[in-house]
Amino acid sequence: MRRGKSTEELIEKLVPVIEDVRNNKAKMKILESGLEKNYIRYGRIRKYFLNPKEELSQIDPRELLLITKQLNVIKPDPEVHYSAFFTDKEIESAELFNPTINDEPDMDFPLTLNNFMQVSANVYIGVLDIKEISKIYTNRLLRYNFDYQREASHVQRANGTIEKVPKLNVNSVKDIAKETLNGTLSTTTLTWNALAFSSEDGEEITFTPSKMRLTINKGTRLDILDGMHRINGIVDALHENPNLEHNMTIMITNFDTAEAQKHLAQISKINEISREHIKSLEKTRLSDFVVDQINKKSDLKDRIATGKTPNIAHKELTTFNILSSVIEEEFTIMTKIEAKDISEELIAFFDYLVDAFPEEFITNYQETYKESAINDPNMFAGYIVLAKRMRNEGIKYRKVKDILSNIDFKLDNPMWTDFGILNKNGTRKSPTIKTRDAIKKFFNNIEVVEGETIS
């Protein structure tokens, strides 16, 4: 607050403005539309405006500033202008404020949920009270993943930055909040995805069937796959009336991004999403085609697992998802012809790689796996990066043996524990995105000069 100004004075001057606005539907519509970008919606506004003197004195100053700013747009008055009460620093801070999210979360992973059952390999279903759903969301355990969710909106903040935000229909959120408050909200299914390969220990979900207990493990990225509008409506309604009682069905999946996109595409045929976005979700990644060709035509044939983790006893060395994801990240593939060209390049690279290290990848791979990281599933992310670099830097693939021979792949090299291939006790960890990214970074940063590798 600026010197000589107080919250009490501001609220006192805002009350008559609020009384005028709350009784005018057109002005309320403008207010709600203006505050939506800052996540201040129907339920909150209604609660504040029913008893503004008391309610506004208890809210975060940043939220009061944002409400004041929007009221200034509807009814300009120099005496009540937000800049007359708040400092420049406070104004800048308020632009990034989200009142629906706790600044100091009091809940974290691992998250244990009761009364869940497993309905298929990577799908679980249960029931949660809306207060628990709201708590999980407002404590930032639930995220919005733009890789497979509805299209984004872009909001320009006061400091000039552009922020990508979920594309929400304000009227839908308002209707859901009203139905929740009136006790007429249907018990529908919210779908959340524990993103495969995102947890710190390699397993996103631990399920105990005998106790019907599902635990989402530490480090897991838990995304809202379907139900963003309903969750926001519920949060708004609970802000107005914290004592509401209602249950929702929760489906929790454990998919990678590609599987989640396909699942969302199926849901989207029931819940409206733009045709263009559905089409982008349903299409097969061209990187999948590349991996399919590698699996059919290279010396890695039948050594690429289609599941979440490879089975070393079944000759599997890495996974389809690891290869496809990294190829998609590293190469710009716009057409099937480009995918075919990349396939041929990588088939040639992996043939040279396997030929250079036959024991490590073919004849004695199980014993190698016990002592070395060279055939670890995550390491193939690095090999994709290396293949791209060798191509771009004009280094023949036959030099791959010289390059890799200068890397200490022994498991007692502490670097592999730092990267997340091994636990601190020396045991293997399941593949994770974090480990994959660390290995990619390592291979991107080594200096490769005609057979010399300098870390």
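# A guided tour of the predicted model

Begin with three helices: α2 (25-36), α3 (42-50) and α9 (170-182) each contribute at least two residues to the lining of the second largest pocket. The model on display is a predicted one, and this pocket is the starting point of the tour.

**The second largest pocket.** Display the pocket between the selected elements. Its space comes to about 460 Å³, and 19 residues line it. To find the centre, select Met28, Lys29, Glu32, Tyr42 and Lys174, which are the lining residues nearest to that point. Which helix gives the largest share of the lining? Helix α2 does, with six residues.

**A salt bridge between two helices.** Keep Lys174 and Glu32 selected, and show their side chains. Lys174 and Glu32 form a salt bridge in which the closest N and O atoms are 2.6 Å apart. Lys174 belongs to helix α9 and Glu32 to helix α2, so this pair ties together parts of the chain that are 142 residues apart in sequence. Are these two residues buried or exposed? Both Lys174 and Glu32 are buried. As a general principle, side chains of opposite charge can pair when their charged atoms come close.

**The largest cavity.** Next, select Glu32, Ile40, Arg41, Tyr42, Val170, Val173, Lys174 and Asp236, the residues that line the largest cavity. About 40 Å³ of space lies within this cavity. Helix α9 provides the largest share of the cavity lining, namely three residues. The model has two cavities of 30 Å³ or more. Glu32, Tyr42 and Lys174 line the largest cavity, and these residues also appear among those nearest the centre of the second largest pocket.

**Gln70 and its contacts.** Move to helix α5 (residues 61-74) and select Gln70, which is located there. Gln70 has a relative accessibility of 13%, and because buried means under 20%, Gln70 counts as buried. Which residues does Gln70 touch, apart from its neighbours within four places in sequence? Gln70 is in contact with Ile30, Leu31, Gly34 and Leu35. Display these four residues together with Gln70 to see the contacts.

**Helix α14.** Now select residues 320-330, which form helix α14. Eight of the 11 residues of α14 are buried, so the helix is largely enclosed by the rest of the structure. The buried residues are Asn321, Ile322, Leu323, Ser324, Ser325, Val326, Ile327 and Glu330. What covers them? The cover includes the helices α13 (286-297), α15 (336-356), α18 (379-392) and α21, as well as the strands β12 (304-305) and β13 (318-319). Colour each of these elements separately to follow the surroundings of α14.

**A salt-bridge network.** Remain at helix α14 and show Glu329 together with Lys440. Glu329 forms a salt bridge with Lys440, and the closest N and O atoms are 2.5 Å apart. Glu329 lies in helix α14 and Lys440 in helix α21 (residues 433-445), so the pair ties together parts that are 111 residues apart in sequence. The two partners differ in exposure: Glu329 is partly exposed, with a relative accessible area of 41%, whereas Lys440 counts as buried at 10% relative accessibility. Extend the selection to Glu329, Glu330, Lys388, Arg436 and Lys440, which salt bridges with shared partners join into one network.

**A salt bridge early in the chain.** Select Lys5 and Glu9. These residues form a salt bridge, with their closest N and O atoms 3.7 Å apart. Lys5 is partly exposed, with a relative accessible area of 29%, and Glu9 is also partly exposed, with a relative accessible area of 25%. The count for the model comes to 24 salt bridges.

**A nonpolar patch on the surface.** Switch to a surface display and select Met117, Val119 and Met212. Together they form a nonpolar surface patch with about 270 Å² of accessible area. Val119 sits in strand β2 (residues 116-120), and with a relative accessibility of 49% Val119 counts as partly exposed.

**The whole chain.** Finally, zoom out to view the complete model. The secondary structure comprises 21 helices and 15 strands. Of the 455 residues in the chain, 51% are buried. The accessible surface amounts to about 22200 Å², and carbon and sulfur atoms account for 47% of this surface. Among contacts between residues at least 6 apart in sequence, 71% join residues at least 24 apart.

Notes. Residues are numbered from 1 along each chain as its sequence is written. This is a predicted model: local features need pLDDT of at least 70, side-chain atom pairs count only at pLDDT 80 or more; totals for chains, interfaces and linings use all residues. Side-chain values use heavy atoms; hydrogens and water are left out. Patches are made of residues with over 30% relative accessible area and no salt bridge: like charges are joined within 9 Å, nonpolar side chains (Val, Leu, Ile, Met, Phe, Trp, Tyr) within 5 Å. Accessible areas come from the Shrake-Rupley method with a 1.4 Å probe; for residues, only the protein chains shown count as cover. A salt bridge is a side-chain nitrogen of Lys or Arg within 4 Å of a carboxyl oxygen of Asp or Glu. Helices (H or I, at least four residues) and strands (E, at least two) are DSSP runs, numbered from the N terminus. Buried means under 20% relative accessible area, exposed over 50%, partly exposed in between (1.4 Å probe, protein chains only). Contact means heavy atoms within 4.5 Å. On a 1 Å grid over the protein atoms alone, a cavity is a set of points where a 1.4 Å probe fits but cannot get out, and a pocket is an open set with protein on both sides within 12 Å along at least five of seven lines; lining residues have an atom within 4 Å of a point. Grid points are joined across faces, edges and corners, and a volume is the space filled by probe spheres set on the points.
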